[in-house]
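Visitor: Hi! I'm new to reading protein structures. Can we look at this one together?

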Amino acid sequence: MRGKAPLGTRILRDTLDWEALTDDQVIAAREKANRVASSRAARIITGFPDRRARIEATSIDLPGRRLALRVHRPKDTGRKLPLVVSFHGGGFFAGTAAQNDWLNSHLAARCPAVVVSVEYRLAPEHPLPQPIDDGYDTVVRLVEDAAQWGADPAAVAVMGESAGGTIAGLIALRARKDGPPLSAQALLYPGTDWTESMTEYPSITENADNPTLSVSRLRAARKVSLPPTLDPRSVSPLMFDDLSGLPPTLVITAALDPLADHGSRYVERLREDGTDARLTCYPRATHTFLSTPGLVPAARPARREIVAFLRSRLHPVPPDGLSPVRQDSRRG
C-alpha cells in the first residue's frame, strides 16, 4: 500500500469473497450492511449530521418506478437555493443514501444548498444502466420542479462517491447534450473505468490490501452490475472519446485507494479535452473516507474543499462583490 491506513479503518476490513457469492447472497449482505450504515449507532463512524440542516425522507415518481430521496436543507433560510444532487457509493449493488448524511448535511448548511441524495435502484435486481437512468431522470425531474423543492434551476451540480461518482460523471456527460445545464460536478474517488481493464491500474496493485475496498469486491461489482449485453465503455467516463464541454470539475482521490488512478487519469483526460478540472489526492485516506469521518481525519479538510468548490460555482458574486454566503455568515 502507498502508505499506512488510519488505525480505525481496520474495523471496516472487507473479508467477504464477493466474487463467490450468489445474487441472493449479495442482496442479503447488502441489506445487512445498509441497516448498519443507516443506524444511529453507526454515526460514530459515518459522522453526525450538521445541526444547522434538516433532513427529510421523501420520494419522487418517475416513469415505472418510485425512488426514495433524502433532502438536506439549511434550517434558517427561506430563499431559493442552489441544487446539489448526490449519489452514494457501493459498486452499484450496495450502499444507501444515509451513509452520506454527514457530508450532505454539512454541504447543505455551509454552501448553502438543497442537497438531494438519491436511492437509485441496485444490482443484481436492477443492473446497469438502470442506476444511471435513475440518476439522470431524477436530476431532470428535480430541475423541472425546482420551485417545489425551493431550488434554483440555474444553479445545479452533481456529486457522487465511488460508483456514485460514476453516476454523477455520466449524468454530466449526458447533460452537456440533452440538458439540464450543470454548473459543476464533484467526483469523490470515482470509478471511471468499468471495462475489463478496470483492475489494471498501478493503484489497484499498490493498494490491494486497502481495508475498505477489496479487489474481490471491485470484480464482483462489475460481474453483478454489468450485463453481458451492455458495452462497458458506455458506463465508463474515462473511455468516452470526447470529454470537452463538461462543467468545472473537482475530483477527490485517496492515496490508499485502489481506485486512485481512476480519478487521476480522468482528470488528465478532462484537461486534455479542455475541461476545467481540479484533482486533490488526500494522503492517509482510504476508499469511502468521506463516508467514514469518524475514522479518517482527512474527511474534514476534504469536506471543506468540496464545500468551497461548490459554493464558488453555485453562488455568483453580486455587483457589490459581497457574496450571499458572506452576507449570511455575518448574521452568525
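Visitor: What do the buried residues of α8 pack against?

Guide: They pack against α1 and α7 (202-206). Buried means under 20% relative accessible area, with over 50% called exposed and anything in between partly exposed (1.4 Å probe, protein chains only). Helices (H or I, at least four residues) and strands (E, at least two) are DSSP runs numbered from the N terminus.

Visitor: Before I go on, what kind of model is this?

Guide: It is a predicted model, where local features need pLDDT of at least 70, side-chain atom pairs count only at pLDDT 80 or more, and totals for chains, interfaces and linings use all residues. Residues are numbered from 1 along each chain as its sequence is written, and side-chain values use heavy atoms, leaving out hydrogens and water.

Visitor: And what is the mean pLDDT?

Guide: The mean is 93, and 95% of the residues reach 70 or more. pLDDT is the predictor's confidence in each residue, from 0 to 100. Residues 322-332 have a pLDDT below 50, and this stretch has 15 contacts in the model beyond near neighbours in sequence. Contact here means heavy atoms within 4.5 Å. Where pLDDT is low, the predicted coordinates should not be read in detail.

Visitor: Back to α8, then. How many of its residues are buried?

Guide: Eight of the 11 are buried, so α8 is largely enclosed by the rest of the structure. The buried ones are V215, S216, R217, L218, A220, A221, V224 and S225.

Visitor: Which residues does F93 contact, leaving aside neighbours within four places in sequence?

Guide: Some of those α8 residues turn up again: F93 is in contact with R217, A220, A221 and V224, and also with W18, V26, R30, L122 and A123.

Visitor: Where does F93 fit in the bigger picture, in the core?

Guide: F93 belongs to the largest nonpolar core, which has 65 residues. Such a core is a set of buried Ala, Val, Leu, Ile, Met, Phe, Trp, Tyr and Cys residues joined through side-chain atoms within 4.5 Å. Together with L83, F87, I171, V235 and Y266, F93 touches the most other members. Helix α6 (residues 163-178) gives the largest share of this core, eight residues. There is also a second, separate core of 34 residues, including L107, A109, C111 and L290.

Visitor: Okay, new topic! How much space lies in the largest pocket?

Guide: About 1,000 Å³. On a 1 Å grid over the protein atoms alone, a pocket is an open set of points with protein on both sides within 12 Å along at least five of seven lines, a cavity is a set where a 1.4 Å probe fits but cannot get out, and lining residues have an atom within 4 Å of a point. Points are joined across faces, edges and corners, and the volume is the space filled by probe spheres set on them.

Visitor: Which lining residues are closest to the pocket's centre?

Guide: Of the 37 that line the pocket, the closest are L12, D14, A33, T212 and R217. The elements giving two or more lining residues are α1 (23-38), α2 (43-46) and α8 (215-225). The largest share, seven residues, comes from α1.

Visitor: How many cavities of 30 Å³ or more does a search find?

Guide: One. Its volume is about 60 Å³. β5 gives the most to its lining, with three residues, and among the residues around it are S86, N104, M159 and E161.

Visitor: Tell me about N104. Is it buried or exposed?

Guide: At 0% relative accessibility, N104 counts as buried. N104 sits in helix α3 and touches H72, S86, V115, S117 and M159, apart from residues up to four places away in sequence.

Visitor: Last one: which residues does a cis peptide bond join, with omega about 0 degrees?

Guide: G179 and P180. Another cis bond runs from L128 to P129, with omega near 10 degrees. P180 is in the loop between α6 and β6 (184-188). S162 is also worth a look, with a positive phi of about 60 degrees although it is not a glycine. Most residues other than glycine have a negative phi, and most peptide bonds are trans.
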